[in-house]
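Q: Could you take me through this one slowly, bench-side style? I'd like to begin with a single aromatic side chain and then work outwards from there.

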Amino acid sequence: QALPSRSAPSSILVSTRQKGNPILNNIRSLPWEYGDIPADYVLGATTCALFLSLKYHRLHPEYIYSRIRALGHKYNLRVLLTMVDIQNHEESLKELSKTSLINDLTLILCWSAQEAGKYLELYKSYEHASPTSIRAPQASSYSEKLIEFITVPRSINKTDALSLVSAFGSVRAAVNARPEEIGEITGWGEKKVERWVGTVRENFRVRK
Amino acid sequence: MPSETAKPPVKLSLPLEYQQDCFSELRNEDELVILARGLGLLRVVTNLLHSYDAIGNNLVVVVGADERENGWIGEALAEHAAISKAPAARGLSQVNTDMMSVGMREKMYSQGGIFSITSRILVVDLLSKLLNPETVTGLVVLHSERIIATSIEAFVIRIYRQMNKVGFLKAFSDNPEPFTTGFAPLASMMRNLFLRTPSLWPRFHITVAKSLEGRKKAEVIELEVPMTDGMRAIQNAILECVEVSISELRKADTGLELDDWTLDSALHKSFDVIVRRQLDPIWHRVSYRTRQIVNDLSVLRGVLHALLTYDAVSFNKYLDTILAAHQPPPGSNRQNQSPWLFLDAANTIFETAKRRVYTGKPVDEEAPGASGALPDSLSPTLEEQPKWALLADILEEIEGDAYFNPGIRDDSNGTILMMCSDQGTCRQIREYVQNMHVRPQQATEDDDVDSDAEVKASATLMMRRKLRNYLNWKRDFARVSASLFTENQKVLESFTDQMGANGYRGKGPPNKRRRVRGGSSAASGGGRPVNSSLQMAADRESQLATLIANIQPADADSEQKDEVAVDSLDDMEGYFELYEMNDLVVVHPYEGDMDEHILEEVRPRYVIMYEPDAAFIRRVEVYRSSHNDRNVRVYFMYYGGSVEEQRYLSAVRREKDAFTRLIKEKGNMAVTITLDGAAPSDPQEQFLRTVNTRIAGGGRLAATAEPPRIVVDVREFRSSLPSLLHGRSNVVVPCMLTVADYVLTPNICIERKSVRDLISSFKNGRLFNQAETMLQYYKYPMLLIEFDQNKSFTLDTFGTDHTTNLSTANNPQDLQSKLALLTLAFPRLKIIWSSSPYQTAEIFDELKKQQEEPDPIKAVQTGLIAGEDPSDQSFNQTPQDMLRAVPGMTEKNLSRITLEVGNLADVSNLTEEELDVMIGKEAGRQVYRFFNRSVLED
């Protein structure tokens with residue numbers, strides 16, 4: 001199939017059907033243009049989106065299926081951008097979950113035109129991005145790492161993290177400290193001490 | 001006391017009338033017992049358990065007991081068994097970790113006895129029939145206030161009742177408040193528990209009152225202690241900060257409703273909890289700033305508490321830590337400072353706290369040049385906590401009392417028991433009292449005036465030592481925060497560079513207003529009084545030299561007495577052992593039901609309650625009434641007009657109100673019960689009918705074939721979804737899964753994430769790996785994003801929050817962009833959005849329609865390398881998450897380390913070489929450096 005992306009690589013292609021959709025006013029940071037496409041939006045060489053408002057879906061339940069049929073098997077990532085604009089959405093969403101599974105669509109919910117516009121922008125702007133930011137923890141400074149590390153157990157906060165390392169000098173010393181020693185620090189009550197010591201001594205593996 | 005039970009003579013220990021009443025009621029029928037706090041709930045429970053234990057041939061399961069309660073029940077059962085010489089009694093067996101193998105558990109269950117089983121394991125064992133519900137004699141549910149419809153305990157009870165109609169079921173609670181929120185709370189709670197009769201035992205119950213208010217009443221002396229001016233000033237300033245924070249929250253337009261809010265309510269309400277609870281439904285949507293202010297409220301409440309419990313020096317130290325933790329990185333272009341730090345009131349807090357430790361420093365002294373002249377004028381104030389002096393007085397009075405009336409020798413020891421809220425306070429009192437006890441020994445004992453003077457001197461001694469330690473600590477601490485800050489600065493620079501390169505439109509210009517504020521505070525050598533947090537930091541650093549100089553006089557003063565004040569805890573215990581039981585002073589924190597043991601073991605003549613605790617007063621009453629010949633006198637002190645007093649009073653009031661409401665509801669509930677009785681008597685039938693609304697559809701046809709089956713990872717039993725799936729007549733097969741959380745069909749697998757999980761597992765990269773493996777093994781992998789039942793079903797942030805608007809395009813932090821990245825990376829990964837676990841259960845049913853059933857064995861083996869035992873794959877989550885935060889930790893390194901090293905402490909003690917072997921040179925170096933880097937040096 002002729003993929004329309006070649007003609008307009010830097011802009012979002014919008015189907016003329018979408019004329020008047022308030023979402024279009026919310027695509028602000030990227031250019032967009034109308035094009036003759038089976039999907040509602042084309043967001044990259046292999047990515048397209050169908051837009052569905054649940055309010056409309058309830059009135060015309062067959063609409064989305066005709067659109068999906070027209071789309072055929074084109075595109076690799078087919079987003080079904082669904083706007084939740086009704087209160088009792090449960091039934092519709094249940095149906096759409098099943099539909100998305102059968103028709104190979106990825107369901108994305110949004111709750112406002114603004115958010116919908118943002119999703120479209122995001123998909124377009126990440127077209128060539130690599131998923132590094134979700135693949136591994138983000139690199140950050142030592143102090144941030146330190147605080148992140150110490151505050152993992154519940155109820156231990158930043159203040160506690162700071163008082164802990166400053167009392168022991170290093171993470172290693174803090175990890176190896178005896179509960180009584182930690183209890184001496186102001187702000188560290190028994191519960192926190194117990195949780196901290198318990199966690200660092202707890203085995204990684206639950207051995208049988 | 002002899003029991004009424006017919007069969008073999010079982011000896012019980014229930015001396016009081018209400019306890020006996022409660023027990024005989026329980027023996028006769030299934031009910032929910034709600035006993036007022038401090039009236040000895042566990043004693044009733046253990047006696048009940050013993051009555052079954054002694055007969056033998058029973059299998060009774062205790063649900064919901066925590067570790068301490070297990071310890072108590074175990075001990076009590078053993079004791080009872082010894083007393084009533086019951087040969088059949090087996091005592092308590094605990095099943096509380098995954099450590100116990102399946103085979104071992106099966107064997108234990110077949111032997112019978114009393115079991116305390118962690119709910120999560122119990123559910124799995126019941127479902128897999130490892131513990132056949134039909135063989136269970138009865139279920140005893142503790143902490144039944146925690147049981148809501150979707151909780152795992154409710155699930156346990158349902159499975160039990162479904163399979164076993166004859167076994168007994170008794171529920172207990174000593175916490176009436178949770179039973180009074182919501183609509184017809186007691187009735188719905190009873191439904192969850194499959195019980196009919198509530199049995200209420202408030203303190204004002206006639207039998208209880210009669211039992212406790214007989215002629216053996218405990219003598220209680222109430223002492224109100226005034227706060228010092230400094231403390232009062234700080235308390236008022238904190239309240240002001242709270243007030244401002246709350247009005248900030250209101251401004252943020254989050255629909256927060258605090259209509260009845262007054263300044264005073266900050267004193268007696270746990271306001272941070274109230275606010276958090278109100279914001280909870282929309283927590284994932286509120287802006288960063290709102291979240292920060294809510295955190296501030298918690299911090300402020302912490303300070304409010306610390307003001308009363310910590311001594312002046314520790315309090316000041318605590319404030320220092322808080323201040324440092326709230327420092328934004330210098331030059332930060334985000335307005336992320338806590339608003340309360342900008343208030344004059346905040347300044348008052350910090351300054352007054354400092355003045356309680358030492359004076360001589362002008363309040364808004366700014367020019368560093370002037371500080372050169374200051375050291376001479378600095379002198380330690382070292383304000384003492386007012387309660388200390390009172391404590392000394394009380395001890396003296398007791399001493400006098402014991403001296404003048406030595407005649408009354410009864411069953412109690414002459415011991416003085418001091419109770420306070422936590423270990424920290426314990427330590428403080430111990431230290432104080434220790435100093436008082438050391439001195440009189442050396443001086444002559446009967447010289448009253450002398451010893452009194454000594455007492456006061458020794459308190460100063462303690463404070464001086466604390467001050468010295470504090471100043472030393474402060475020097476180190478300044479270095480720590482300095483080293484952390486410089487690094488922050490560096491990273492921040494690189495980060496902004498990165499942002500500029502990455503962003504689509506380039507980084508938006510920093511808000512002008514913010515820049516002005518940052519600049520002004522950094523350069524405000526001029527006229528303004530100190531009221532910004534940045535200013536205070538600068539203030540501190542420039543004066544470090546002065547402070548160090550200040551140590552000297554303090555040092556010189558206390559050096560001579562240095563040996564007297566030994567700090568170590570261990571030494572202290574040895575010290576107390578020198579005394580006879582009659583001279584003992586025992587300091588102990590409140591520990592709920594455990595306090596009963598303390599009273600029984602110590603048998604004190606005098607009890608000093610350093611902090612008020614309503615439950616403990618009752619425990620003393622119970623203790624006193626249970627023993628004819630033990631006199632006890634209670635001194636009970638609190639700070640007048642303080643949080644402490646208010647909290648105590650409102651706790652008492654709340655409990656009473658709760659019971660009143662419960663009694664009222666119980667009276668009305670008769671109606672609902674008769675209705676229940678008219679309906680089919682089987683409660684689980686009714687449950688299914690209410691949940692499963694679709695039984696009339698095509699579902700029936702499918703039901704004639706194989707029942708629908710869902711394979712669920714055992715770790716998922718912490719959530720409510722398995723319970724609901726079971727409620728919708730699915731067969732839930734608990735398994736140890738390596739890939740995914742739920743397997744619906746041979747092709748469909750599901751990874752469930754709550755919004756909170758979603759955020760964190762995006763952050764540490766776990767979701768990416770999970771998606772990868774799911775795609776590898778299943779045709780239709782799905783990510784389920786599940787919102788909480790009561791939380792708003794949206795990810796949208798609040799309306800016009802311009803800070804987020806500015807950065808939407810290039811902010812890689814928010815959830816939406818991460819979702820976009822994820823779906824772009826894995827186009828085949830499908831997403832299910834569910835507004836609640838109930839909805840999820842329905843969606844699962846829909847997805848399973850006309851599909852094959854999954855094979856549990858295959859599901860378990862999926863993702864395992866050949867020959868691996870599935871049980872090796874279970875990990876503890878929290879330590880793993882911590883390890884994930886360590887730099888250099890990729891998913892591969894992580895699994896390597898978790899397989900080869902025992903726990904975090906062991907990881908931290910590895911040498912660089914050992915790490916090198918395991919995870920390679922670079923990563924090894926990073927990990928090693930993370931643990932071993934000293935924050936004290938640069």
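What does W32(A) count as, going by its relative accessibility?

A: Bear in mind that this is a predicted model. W32(A) counts as partly exposed, because its relative accessibility is 30%, and the cut-off for buried is under 20%.

Now for its ring. Over all chains, the structure holds 21 aromatic pairs. One of them joins W32(A) to Y34(A): the ring centres are 5.4 Å apart and the planes stand at 85°, so this pair is edge-to-face. Y34(A) has a relative accessible area of 32%, so this partner is partly exposed too. Another edge-to-face pair is made by Y56(A) and Y63(A), with 5.1 Å between the centres and 85° between the planes. Here the two partners part ways on exposure: Y56(A) is partly exposed at 37%, whereas Y63(A), at 18%, counts as buried.

Rings also meet across the chains. Y142(A) and F149(A) are linked by ring pairs with F930(B) and F931(B), and the four form a cluster. Y142(A) has a charged visitor as well: R933(B) lies over the face of this tyrosine, 4.1 Å from the ring centre. There's a comparable arrangement inside chain B, where the charged end of K387(B) sits over the ring of Y610(B) at 4.8 Å from the centre.

F931(B) turns up again around S908(B). Leaving aside neighbours within four places in sequence, S908(B) is in contact with F931(B) and N932(B) of chain B, and with R172(A), V175(A) and N176(A) of chain A. This serine lies in helix α36 of chain B, residues 904–908. With a relative accessibility of 1%, S908(B) counts as buried. Its side chain reaches the backbone oxygen of A905(B) at 2.7 Å.

Let's step back to the whole interface. Chain A puts 79 residues into the contact and chain B puts in 107. Between them the two chains bury about 8700 Å², with 62% of that on carbon and sulfur atoms. On the polar side, 20 residue pairs are in polar contact across the interface, counting pairs with both residues at pLDDT 80 or more. The salt bridges between chain A and chain B number three. One salt bridge joins the side chains of K94(A) and E842(B), at 3.4 Å from N to O. As for which element of chain A does the most touching, helix α3 (residues 90–102) gives the largest share of the side facing chain B, with eight residues.

Helix α3 also leads to a backbone oddity. D104(A) lies in the loop between α3 and β6 (106–110) of chain A, and its phi is near 55°, a positive value in a residue other than glycine. D104(A) is partly exposed, with 31% relative accessible area. Y75(A) does something similar: its phi is positive, about 70°, although this residue is not a glycine. Y75(A) is found in the loop between α2 (63–71) and β5 (77–83) of chain A. Unlike D104(A), which is partly exposed, Y75(A) is buried, because its relative accessible area is 12%.

Key: Residues are numbered from 1 along each chain as its sequence is written. Chains are lettered from A and ligands numbered from 1 in the order in which they are written. Side-chain values use heavy atoms; hydrogens and water are left out. Rings of Phe, Tyr and Trp (its six-membered ring) pair if their centres lie within 6.5 Å; planes under 30 degrees apart count as stacked, over 60 as edge-to-face and the rest as tilted. Buried means under 20% relative accessible area, exposed over 50%, partly exposed in between (1.4 Å probe, protein chains only). A charge sits over a ring if NZ of Lys or CZ of Arg is within 6 Å of the ring centre and within 35 degrees of the ring normal. Contact means heavy atoms within 4.5 Å. Buried area is the accessible area (1.4 Å probe) that two parts lose on being put together, summed over both. A salt bridge is a side-chain nitrogen of Lys or Arg within 4 Å of a carboxyl oxygen of Asp or Glu. A polar contact is a pair of N or O atoms within 3.5 Å; within protein, one must be able to donate a hydrogen and the other to accept it, and residues adjacent in sequence count only if both atoms are side-chain atoms. Helices (H or I, at least four residues) and strands (E, at least two) are DSSP runs, numbered from the N terminus.
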